[in-house]
Structure formats: C-alpha cells, structure tokens
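Please look through the structure below before reading on. The points that follow are meant for someone meeting it for the first time.

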Amino acid sequence: MIARQKISAAIASYVLMILACGQPGRAATITASTTGLDTGGDAVLGLNSFFQVAFDEGATDVRISSFTFDISPDTDGFFDPNGVSLFDLNGGVPTLGGSSGIAATDINFEILNGGKQLRGTLLTDAFSVGRSLTFGIDTDNVGLSEIPIPVTIGLQTVQVNIDTGADFGKVGALFSVELSDGTSSSTPFEVTRDVSIEDITDGINADPPMEPEPAPQSVAILKLDSIRSVPEPTLSTFAAIAILGVGSRVKRNRLKSDR
Ligand SMILES: [Ca+2]
Ligand SMILES: [Ca+2]
Ligand SMILES: [Ca+2]
Ligand SMILES: [Ca+2]
C-alpha cells in the first residue's frame, strides 16, 4: 500500500511539473544574413542573393512559420515598396533567388510599418530544417545616408547611397522568427565583414565595375533553446491540484473505512 502511494505521489508530482513547466524544450538554430555591395544592385542584376534565411538545426517536425527583417532601429532606412528612386525595377516585391526546397508559391512577402519591416509568411510547411532561401529587394538609406558614393555614369557623376551587407549590422537591424510550435525569438544583426568606402568607390568606378571580394556582410544567429517558455500557473493547474487533493483525500477516507 505504501509503495502504491509513493508511486501515485510521484505520478502526481510529474503531472504537476508538466502542467507548470510545459513540454520539454527542443533546440533550434536559424541564421539570417545580408551579403553584398547594395540591396538594389543585387535585385537589378537578378542575383536575388542579398538576404538569406537558413534553418540550420531543429526538430524534424518543426517548420518556420514566418520570419521578419526589421530595420526600424535606423531612423530613415526602409524597404522600398514604391519605386521612388534608383534600383526599383521589381517594384518593391522581393524575388526569390537560390533556395533549397522552397518555391515562390510557398511564401508570401509583406512590407510593413511604413517600409521598416519585411515579413515572409510561409503558406506551406516547406521551410523545414536543412532548407534555406535567398531573396532580393531594394532598400534605401540603411546605414549612414551622409556618406554617398560618387558613381560615374557616362560623363556624369551621381551620388548613390548604397546599402551594403554590413549596413544592416551597423544600424542594429533585427531578425525574428516564428516556428510552427508557436515559439518565437528575435536577435540583432552583427557585422561580420566590412569594406572601406574607398575600396567600394574604386570598385564601382572601375571599368568594368568590380564588387569588393569578399562582399560586406552582417549575420544574425537565432538560437531558440528552451523552446517552450514557462507559463504562469493557470486555472487548469489549480484545478489539477484540487482534483489530486480530492483524490488523495478520498483515498485516505477509503483507507480509514477499510480499517
Ligand atoms: Ca529605392
Ligand atoms: Ca537602394
Ligand atoms: Ca540611415
Ligand atoms: Ca547605406
């Protein structure tokens, strides 16, 4: 009898632990990067490789539901939805470049918050672990707008404010992800490779123009460790405690009447 009581007490405390702490966590790693000399140039050249999202590690049954690039820490930077200046041939709609197992029909892009955020929402469960995608879209004024690059076109020299891969880390742009199990997280980009303005200017004005190699880059590594957060005790937790309490009282009463 004592052994059985011990077992039921152990089961009760395990049930309470599960109710209080949620499911055990599962680790996931998603890496985003911005790589290249200029967002608009990348899109115009049809490379569409500037922005990358890769689902590096995670449980096989978890999918990426949505991801967001957020440049709101930069006061005047924006994803260009209107085609108002140089490099707007694709009208602001992101175009997928190289990807592994994800098609354009799997994803819907939205530009939100007056151009401050770009969100990709997965329409299917295609974005599983091991898969990645790249896309291109123009941005303007990300980073220091006060350092324009002089570009010679024919006999004319125009000032171009390019947005390099490093600019996204410099302004503290954010990357966030929501997974199919409901967990989400956010982390800032950090510069991994920078290139001097002089080298960029020399490259652009070379004949033929040359991109700096390796290209400027920022990276955001998102680690969702203990995926499920610890919720506050809920009504159902208290209900379970009450039921378990009633159960053990009934058992005690039965033990008394058995005697
Ligand atoms: Ca533009
Ligand atoms: Ca631009
Ligand atoms: Ca700026
Ligand atoms: Ca810039």
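**Notes on the model**

1. In strand β8, Ser132 is the bridge partner of Ala54. That pair belongs to the joining of strand β2, which covers residues 51–57, with strand β8, which covers residues 132–136; the two strands run antiparallel and are joined by four bridges. It should be said at the outset that this is a predicted model, and what follows is best read with the confidence values in mind.

2. Where do β2 and β8 sit in the wider arrangement? They stand beside each other in an open sheet of six strands, whose order is β5-β8-β2-β1-β15-β14 and whose pairing is antiparallel. The edge strands of this sheet are β5, residues 95–99, and β14, residues 190–193, each of which pairs on one side only. From one strand to the next the twist averages 25 degrees. As general background, strands of a sheet pair through backbone hydrogen bonds, in either a parallel or an antiparallel sense.

3. Strand β7 deserves a paragraph of its own, with two partners to consider. Strand β6 (residues 107–112) pairs with strand β7 (residues 117–122) in the antiparallel sense, over six bridges. Within this pairing, Glu110 has Arg119 of β7 as its bridge partner, while Ile107 is matched with Leu122 of β7. The two strands form a hairpin with four residues between them, and in the turn Asn113 has a positive phi of about 60 degrees.

4. Strand β7 also pairs with β3, again in the antiparallel sense, here over five bridges. Among the residues involved is Phe67, whose bridge partner in β7 is Gly120.

5. Is Ser184 buried, partly exposed or exposed? This residue lies in strand β13, which spans residues 184–188. Ser184 counts as partly exposed because 17 C-beta neighbours lie inside 10 Å, whereas 20 or more would be needed for a residue to be called buried. Once its neighbours within four places in sequence are left aside, Ser184 is in contact with Ser176, Val177, Glu178 and Leu179. The C-alpha atom of Ser184 is also separated by 9.4 Å from that of Phe67, although the two residues are 117 apart along the chain.

6. For the protein chain as a whole, the model shows five helices and 15 strands. Of its 259 residues, 28% count as buried. Among contacts with a separation of 6 or more, 75% are accounted for by residues 24 or more positions apart.

7. How far does the predictor's confidence reach? The mean pLDDT of the protein chain is 79, and 70% of the residues reach 70 or more. Confidence is highest in strand β3 (residues 64–70), at a mean of 98, and lowest in helix α5 (residues 235–258), at a mean of 49. The pLDDT is below 50 over residues 14–22, a stretch that has 12 contacts in the model beyond near neighbours in sequence. Residues 227–232 likewise stay under 50, and for them the model has 12 contacts beyond four places in sequence.

Terms used: Residues numbered from 1 in each chain as written. Chains lettered and ligands numbered in written order. Predicted model: local features only at pLDDT ≥ 70, side-chain atom pairs only at ≥ 80, totals over all residues. Buried ≥ 20, exposed ≤ 12 C-beta atoms within 10 Å, placed from the backbone. Contact = placed C-beta atoms within 7 Å. Pairing = 2+ DSSP bridges. Axes fitted to C-alpha atoms, helices over the stretch in contact; angles between N-to-C directions. pLDDT = per-residue confidence, 0-100.
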